[in-house]
Each structure stands twice: as C-alpha cells, then as structure tokens.
Amino acid sequence: MTTAIDHHPTRLRRSVLCVPADNARALAKVRQLAADTVIFDLEDAVALEHKGEAREALVRHLSKHRPDCEVVIRVNALGSGFGQMDLTAAVAASPDAILLPKVESPVDIQTAVDWLGENDAPESIRLWAMIETPRSLLNVAAIAETGRTFGGRLDCFVVGLNDLGKETGVPAHPGRAYLVPWLMQILLAARGSGLDVIDAVFNDFRDAEGFAAECRQGRDMGYDGKMLIHPAQIGPANEHFGVEQAAVEEARAIIAAFDLPENAGKGVINLHGRMVERLHLDQALKLAAKADMIEKRKAKP
Ligand code: COA
Ligand code: MG
C-alpha cells in the first residue's frame with residue numbers, strides 16, 4: 001500500500017497549447033506565444049496521409065526553434081502503426097515529455113516505459129497520458145498509480161472530452177453537468193498519485209465568455225490548467241489558472257506568521273482571529289511558489 005503523495009507543482013501548466021505538427025504557420029508562431037506548455041501534435045490534429053511528413057517537419061522544426069516553454073510531443077497510439085516511429089522521432093527531439101493518447105490501462109503506461117528504457121531515453125523525458133475513453137476512466141486510478149510506481153515517468157493527465165463524447169454519447173454542453181463526476185474522478189486519481197491534471201479543450205475558440213466560464217470551472221475543480229487549441233485562449237487561461245493577488249498576500253502573511261520565533265514550535269496559531277494550521281502553511285508555501293514562478297515567467301524577454 002502506498003499513501004497519497006502531496007501535489008507539489010514544480011512547473012506552471014496554466015495554458016497547454018496544442019499545435020498540429022504539419023501546420024507550418026502555427027509552428028512558426030509558437031515562439032511568440034505565452035503558453036506555459038506546447039503540445040506538438042502528431043495524433044488527431046494530423047490527417048493519416050500526412051503522418052510521415054508531420055513527424056519529419058516537427059523534428060526539423062524543434063532542432064532549430066526550441067520554444068522557451070515546456071515542450072511536449074503527442075505521439076500516435078503505440079498500437080496504431082505510427083507509434084514506434086513517433087516515439088523514435090520524439091526521443092530524438094528531446095522534449096520535456098511525451099503525451100500518450102487513448103491510454104486505457106496500466107499496461108499502456110508500462111509498454112511506453114519499457115520502450116523508453118530499451119531505447120535509452122533519458123529519465124528527463126517524462127510521460128503524460130490522455131484520459132479520453134470509457135476504459136481509461138474506468139481504470140484511471142490504476143493508471144495513475146502505475147505511472148507513479150512503474151519507472152515513475154508519469155507526470156500529468158490531460159482530459160480528452162472530444163473523444164470521450166464520441167465514445168460515450170455525453171456532450172460537453174455549457175456547465176458540463178453530466179461530465180463533472182468524471183472530471184472529478186480523474187482529478188482524484190491524479191492527486192492520489194501526485195500528478196498534474198489538465199482540463200479538456202474548448203472547441204469554440206471565438207466564444208470568449210464560454211471559454212472563461214469553463215476555465216473558472218476547471219480551476220474550481222482543482223485542475224492545473226487547460227489544453228488549448230488557439231492562441232486567443234492563452235491569455236485567459238493564464239489568468240484564470242494563475243493566482244489572485246489577495247490570496248498571495250494572505251499566503252505570505254501565513255508564512256511570515258509561522259516564521260515568528262514565538263510560533264516556531266506551534267502546530268496551530270491565531271492569525272487575526274482565524275485558526276491557521278501547518279497544513280495551511282503548506283498550502284501557502286505552494287501558492288507563494290506558484291506566484292514566484294508566474295513572476296519569473298513574466299520577467300522573461
Ligand atoms: N498554435 C499556433 N498558432 C495557431 C494555432 C495553434 N494551435 N491556431 C491558430 N494559430 C495561428 C494561425 O496560424 C494564425 O496565424 P497566421 O495568421 O500567422 O497564420 C493565427 O493563429 C489566427 O488563427 P485563425 O485564423 O484564427 O485560425 P485558423 O483558421 O488558422 O486555425 C484551427 C483554426 C482550429 C484550425 C487551429 O486553431 C488549430 O489547428 N488548432 C489546434 C487543433 C489541434 O491541435 N487539435 C488537436 C488537439 S484537440
Ligand atoms: Mg483525442
């Protein structure tokens with residue numbers, strides 16, 4: 001039995017932009033964009049007849065223009081006929097992570113971990129997993145647990161509601177009423193194994209209001225960020241999955257209070273008439289660390 005591990009965000013993943021690997025104009029645009037993470041996609045965004053040229057274009061592009069953000073490559077499923085060639089190209093491009101689509105069971109993680117090990121992929125290349133089929137949802141806790149224990153490469157889940165909608169018949173209407181239980185189940189599984197978790201794309205990229213509402217919902221459900229399809233979604237995602245100034249100030253006050261010599265040995269203190277425990281200190285430290293990461297990212301040229 002393992003216990004749940006604490007969720008310590010070490011990177012910002014507020015805005016996770018998907019870029020089709022065969023779209024030269026979109027590839028060229030990436031370096032001007034403020035996404036925390038870019039997923040270069042070889043899977044659903046690339047038509048079957050373009051798979052080979054997309055793979056080559058991506059490797060060429062990344063060798064010359066590495067963006068100043070987290071770099072993830074989404075490969076085709078390992079059983080698809082493209083998976084092995086995609087993995088070989090991905091490892092050569094040395095991304096921060098490889099995103100596996102349609103992960104349905106722990107075996108899918110194990111197979112990718114084995115392949116990476118056998119092909120001497122450095123440990124620094126992490127794995128992400130799309131949770132986007134009925135079976136992946138049914139097995140989500142086991143997938144998270146395997147990813148954490150088996151070679152430990154799994155860092156992050158991304159929810160895929162377009163595929164899930166297709167497979168289940170449950171559409172993502174505004175408010176996502178019937179999807180919320182599944183989204184929360186995924187969140188629980190991720191947190192139980194210390195993984196980050198990214199909310200699904202919002203297809204209607206001209207609907208700024210609808211997008212903002214869904215960002216707020218994702219944030220309130222505990223998600224770290226949102227998968228995006230269009231540059232216009234980056235700014236709002238960074239804002240909604242960022243930090244609120246008032247909350248950061250409160251966090252800094254909690255940290256300062258526990259730093260006082262008179263509070264050194266205390267588990268619980270009175271801060272302006274409110275009970276504050278050491279668990280709140282942990283939360284405050286995480287929030288302050290996130291605020292620092294956001295400041296640092298803003299300061300970049
Ligand atoms: N990444 C980087 N740049 C993008 C982009 C993306 N995902 N989506 C659009 N852009 C660029 C366009 O190239 C265009 O720049 P340009 O004028 O220099 O060419 C600019 O942003 C404005 O784009 P716009 O005209 O509004 O949209 P479009 O018709 O070019 O593209 C989509 C619309 C939906 C086809 C495109 O956004 C897209 O392919 N998104 C990603 C889809 C995807 O990855 N799906 C799989 C995961 S769900
Ligand atoms: Mg999908």
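Contact is taken here to mean heavy atoms within 4.5 Å. In this predicted model, Arg31 touches His65, Arg66 and Pro67 when residues up to four places away in sequence are not counted. Arg31 has its place in the loop between helix H1 (24-29) and strand E2 (37-41), and at 55% relative accessibility Arg31 counts as exposed, the cut-off being over 50%. Along the chain, Arg31 and Arg66 are 35 residues apart, whereas the separation of their C-alpha atoms in space is 8.0 Å.

Val19, which belongs to strand E1 (residues 15-20), has a relative accessibility of 3% and therefore counts as buried. Neighbours within four places in sequence being left aside, the residues in contact with Val19 are Ala26, Leu27, Val30, Val38, Ile39, Phe40 and Asp41. A further pair involving this residue is Val19 and Pro122, for which a sequence separation of 103 residues is accompanied by a C-alpha to C-alpha distance of 24 Å.

The interior of the model was examined next in terms of nonpolar cores. The largest of these has 62 residues, and the members with the most contacts inside it are Phe40, Ile98, Phe157, Ile186 and Tyr223. For Phe157, again without residues up to four places away in sequence, the residues touched are Ala129, Ile131, Val140, Ile143, Ala144, Ile186, Ala190, Leu195, Asp196, Val197 and Ile198. A second core, separate from the largest and made up of 13 residues, includes Val16, Cys18, Cys156 and Val201.

Burial was also examined for helix H7 (residues 161-168), in which the buried residues are Leu161, Asp163, Leu164 and Gly165. Among the elements that cover these residues of H7 are helix H5 (134-138), strand E6 (154-159) and helix H8 (180-192). Gly169, just after H7, takes a positive phi of about 80°. Another glycine, Gly194, is found in the loop between H8 and strand E7 (196-199), and its relative accessible area of 26% makes Gly194 partly exposed. Gly194 and Ala144 are 50 residues apart in sequence, with a distance of 8.6 Å in space from C-alpha to C-alpha.

Two helix pairs were considered for their packing geometry. In one pair, helix H2 (residues 51-64) and helix H3 (residues 83-93) have axes 9 Å apart and pack at an angle of about 5°; since angles under 35 degrees count as roughly parallel, H2 is therefore roughly parallel to H3. Arg55, Val59 and Leu62 are the H2 residues that meet Met85, Asp86, Ala89 and Ala93 in H3. By class, the residues in this contact of H2 with H3 comprise five nonpolar, no polar and two charged.

In the other pair, the axes of helix H11 (residues 245-259) and helix H12 (residues 278-299) come within 8 Å and cross at roughly 125°, and H11 and H12 are therefore oblique to each other. The crossing in which H11 passes H12 is left-handed. On the H11 side the contact is made by Ala247, Val248, Ala251, Arg252, Ile254, Ile255 and Phe258, while the residues contributed by H12 are Arg278, His280, Leu281, Ala284, Leu285, Leu287, Ala288, Ala291 and Asp292. Sorted by class, the contact of H11 with H12 contains twelve nonpolar, one polar and three charged residues.

Positive backbone phi values were also found outside glycine. Asp120, although not a glycine, has a positive phi of about 55°, and its place is in the loop between helix H4 (106-118) and strand E5 (126-131). With a relative accessibility of 68%, Asp120 counts as exposed. His272, likewise a residue other than glycine, has a positive phi near 50° and is located in the loop between strand E9 (268-271) and strand E10 (274-277). The relative accessible area of His272 is 75%, and His272 is therefore exposed.

Definitions and conventions: Residues are numbered from 1 along each chain as its sequence is written. Chains are lettered from A and ligands numbered from 1 in the order in which they are written. This is a predicted model: local features need pLDDT of at least 70, side-chain atom pairs count only at pLDDT 80 or more; totals for chains, interfaces and linings use all residues. Side-chain values use heavy atoms; hydrogens and water are left out. Axes are lines fitted to C-alpha atoms, for helices over the stretch in contact, and angles run from 0 to 180 degrees between N-to-C directions. Helices (H or I, at least four residues) and strands (E, at least two) are DSSP runs, numbered from the N terminus. Angles under 35 degrees count as roughly parallel, over 145 as roughly antiparallel, 65 to 115 as roughly perpendicular and the rest as oblique. A crossing is left-handed if the near helix is turned anticlockwise from the far one by less than a right angle, and right-handed if clockwise. Ala, Val, Leu, Ile, Met, Phe, Trp, Tyr, Cys and Pro count as nonpolar, Asp, Glu, Lys and Arg as charged, and the others, Gly among them, as polar. A nonpolar core is a set of buried Ala, Val, Leu, Ile, Met, Phe, Trp, Tyr and Cys residues joined through side-chain atoms within 4.5 Å. Buried means under 20% relative accessible area, exposed over 50%, partly exposed in between (1.4 Å probe, protein chains only).
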